[in-house]
Number of protein chains: 2
Amino acid sequence: MTNTPAHDPSLFTGLSAFPLTPLKGESLDEDAFVGLIERLVLAGVDSITALGSTGSYAYLNTDERARAAQLSVESALDIPVFIGVGALRTRDVLVNVASAESAGAQGLLLAPVSYQPLTDDEVFELFRTVTESTDLPVVVYDNPGTTHFTFTAELYSRLAALDGVASIKIPGAAASPVGWNERIGEIRAAIGGEVTIGISGDAHAAEGLIAGCDAWYSVIGGTLPAPTLEITRAAEFGNAELARELSAELQPVWDLFTEFEGSLRVTAAIAEHLGLVGADSLPLPVRDLDEAAKRKVTEVAESLDLA
Amino acid sequence: MTNTPAHDPSLFTGLSAFPLTPLKGESLDEDAFVGLIERLVLAGVDSITALGSTGSYAYLNTDERARAAQLSVESALDIPVFIGVGALRTRDVLVNVASAESAGAQGLLLAPVSYQPLTDDEVFELFRTVTESTDLPVVVYDNPGTTHFTFTAELYSRLAALDGVASIKIPGAAASPVGWNERIGEIRAAIGGEVTIGISGDAHAAEGLIAGCDAWYSVIGGTLPAPTLEITRAAEFGNAELARELSAELQPVWDLFTEFEGSLRVTAAIAEHLGLVGADSLPLPVRDLDEAAKRKVTEVAESLDLA
């Protein structure tokens, strides 16, 4: 079966920035959320993916997700917005798809969220069900660190053949530049030319882009769009040296991600330091970094002059 | 701090049977669910844990969980019912705690369900929050296969010191009998004498009970209470040889769990074979075993004369 995309493949290229979805108490902090979206619009990111992992989608109920989708599309002006629709239960995924459509999203991000480990066929059927239920293009979200599902090249291939699958968001992982070229080459061979490949795992984004990824699905880009855009543009212009240099300047941030249990809590702390979100903006049981760790984040933010 | 239990520690001993929560379409199959509970009452299990992993708790919304809690307590007569209250978000856990209390549950089962990997302190605070919100005793549910959270002995110890923590449900894992004694001894040293230890992982339950576990939190016991009660009683009477022999008779069932991605889909297939639940009773994206696998389950069920 040939995948004839009804969508514009260029939609899923460049920098897609993933904003936080800050809470205030147990409710969406709408002002802060809209502020984050407006900041991304001003910076000129290529697209916004709201309700990604960084946007705490898995913790929000279908009503909260509908509201966040609506706010993000309204605030994004002419920047395309993609909405994360994943949920443990297919029924809820479909509710999120409908609310993303109503909001005016231009794409969907879907991870195989699991409690019971899923089989390849179950994941395939999930994507088949979703792509058959909507005309919106879907980004396959491969994030084993949160879903604990491992995609094979064969499954990538089956999914890429579904009408409606437009892009694959692959996890970052340490690899030498040669390793990256091989890895992207293997994925490209599996999925063909019509489906874009986007790198996540911000520390590895420069290498991923240099090796041929079409997009960077970026956690930190949702809070620090300027330096991530510079890296993206350098790679797009074929200036690998500059892309690597700009990414290396952010090494202290990548190191914080490694030291403090991943990118989410560090990104929230940076956003709090910049006055973009309040304290305790994450959904419990996930908690803010402790004060000592926040001080360390502040030191890095100040030394790098992050803004 | 000394943990002075307000509850009867014997509540969390013996066989706690975990029924499926069958669906019909996207709704709770109430007749089938009540039938499963009544079957456990007739068999004389020591307690029923509804909405465990086998009961698909993670896939049901707070309304569905309130209804299942109510039905299970109503149908269980004088058998104590424990209710699984875990959820990705603490807010929803607390809603489930309140509905379990209203239903008349005698205990709660709580796993650190995660999307973003949780820290030890986050998990501790989750249990602290829940135990402070209710007088019901809480079973700490350690199930790394679904939560991907790894408990340390130190965290067990901190949790056991919380008023309200009554039992720890430990995962099954292959170990020699000597290994089991050491493992249970280490946990006992960490948690003290007031908190019971319950084994899960049905294939390893006999060894766990022989090594000193107080309870068996059993998947298959929710569907096949008779043979699981026999194993439990043999171990309780100190007849290790008989307990091992009876468990070995069920080896073909344990082998099905290994062959077909864990216990849930196999248990649903056994329940379907016995006419206890309909086809497609699991929450999508989780699917029934395929027809070939179901035939294999039927062969095992018939050869063992499971009823």
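**Exercise 1. A residue in a loop**

Between which two helices of chain A does the loop with His148(A) lie? Describe the backbone and exposure of this residue in the predicted model.

Solution.
- Step 1, location. The loop that holds His148(A) runs between α5 (144-147) and α6 (153-160) of chain A.
- Step 2, backbone. Phi of His148(A) is positive, about 60°, although the residue is not a glycine.
- Step 3, background. Most residues other than glycine have a negative phi.
- Step 4, exposure. Partly exposed covers the range between the buried limit of under 20% and the exposed limit of over 50%. His148(A) has a relative accessibility of 33%, so it counts as partly exposed.

**Exercise 2. The relation between the two chains**

Determine the operation that lays chain A on chain B, and state which C-alpha of chain A is nearest the axis.

Solution.
- Step 1, superposition. A turn of 180° with a shift of 0.0 Å along the axis lays chain A on chain B, and the RMSD is 0.0 Å.
- Step 2, symmetry. The two copies are therefore related as by a two-fold rotation axis.
- Step 3, position of the axis. His148(A) has the C-alpha nearest the axis in chain A, at 4.1 Å from it.
- Step 4, interface. Of the interface residues of chain A, 100% are also interface residues in chain B, so the copies meet through the same surface.

**Exercise 3. The overall form of chain A**

Decide from the radius of gyration whether chain A is as compact as a globular protein of its length, then describe its contents, contacts, surface and charges.

Solution.
- Step 1, secondary structure. Chain A contains 13 helices and 10 strands.
- Step 2, compactness. For 307 residues the globule rule gives 19 Å, and the radius of gyration of chain A is 18 Å, close to that value; chain A is therefore as compact as a globular protein of that length.
- Step 3, extent. The C-alpha trace of chain A spans about 55 × 45 × 40 Å along its principal axes.
- Step 4, burial. Buried residues make up 59% of the 307 residues of chain A.
- Step 5, contact range. Take the contacts in chain A between residues at least 6 apart in sequence: 71% of them join residues at least 24 apart.
- Step 6, surface. Chain A has an accessible surface of about 11300 Å², and carbon and sulfur atoms account for 50% of it.
- Step 7, charges. There are 18 positive and 44 negative side chains in chain A, and 5 Å separates the centres of the two sets.

**Exercise 4. The loop between α12 and α13**

Locate Leu274(A) and Pro285(A), and state whether the peptide bond from Leu284(A) to Pro285(A) is cis or trans.

Solution.
- Step 1, Leu274(A). This residue belongs to the loop between α12 (263-273) and α13 (291-303) of chain A. Its relative accessible area is 25%, so Leu274(A) is partly exposed.
- Step 2, contacts. Leaving out residues up to four places away in sequence, Leu274(A) touches Arg39(A), Leu224(A), Leu306(A) and Ala307(A).
- Step 3, a distance. Leu274(A) and Val286(A) are 12 residues apart along the chain, and their C-alpha atoms are separated by 21 Å.
- Step 4, the proline. Pro285(A) is also placed in the loop between α12 and α13 of chain A. The bond from Leu284(A) to Pro285(A) is cis, with omega near 20°.
- Step 5, chain B. Pro285(B) lies in the loop between α12 (263-273) and α13 (291-303) of chain B, and the bond from Leu284(B) to Pro285(B) is cis, with omega near 15°.
- Step 6, background. Most peptide bonds are trans.

**Exercise 5. Three residues by exposure**

Classify Asp305(A), Glu132(B) and Ala215(B) as buried or exposed, and place each in its chain.

Solution.
- Step 1, Asp305(A). This residue is in the segment after α13 of chain A. With a relative accessible area of 64%, Asp305(A) is exposed. Its phi is positive, near 60°, in a residue other than glycine.
- Step 2, Glu132(B). Helix α4 (residues 120-133) of chain B holds Glu132(B). Glu132(B) has a relative accessible area of 59% and is exposed. From Glu132(B) to Thr152(B) the C-alpha distance is 22 Å, across 20 residues in sequence.
- Step 3, Ala215(B). Strand β10 (residues 215-218) of chain B contains Ala215(B). At a relative accessible area of 1%, Ala215(B) is buried.
- Step 4, contacts of Ala215(B). Beyond residues up to four places away in sequence, Ala215(B) touches several residues, among them Phe12(B), Gly14(B), Ile197(B) and Leu209(B).

Definitions and conventions: Residues numbered from 1 in each chain as written. Chains lettered and ligands numbered in written order. Predicted model: local features only at pLDDT ≥ 70, side-chain atom pairs only at ≥ 80, totals over all residues. Heavy atoms only, no water. Helix = DSSP H or I, 4+ residues; strand = E, 2+ residues; numbered from the N terminus. Rg over C-alpha atoms; globule rule 2.2 N^0.38 Å. Buried < 20%, exposed > 50% of the residue type's maximum accessible area, 1.4 Å probe, protein only. Contact = heavy atoms within 4.5 Å. Areas by Shrake-Rupley, 256 points an atom, 1.4 Å probe, with all protein chains shown as cover. Lys, Arg positive; Asp, Glu negative; His and termini not counted. Charge placed at Lys NZ, Arg CZ, Asp CG, Glu CD. Least-squares fit on C-alpha atoms with pLDDT ≥ 70 in both.
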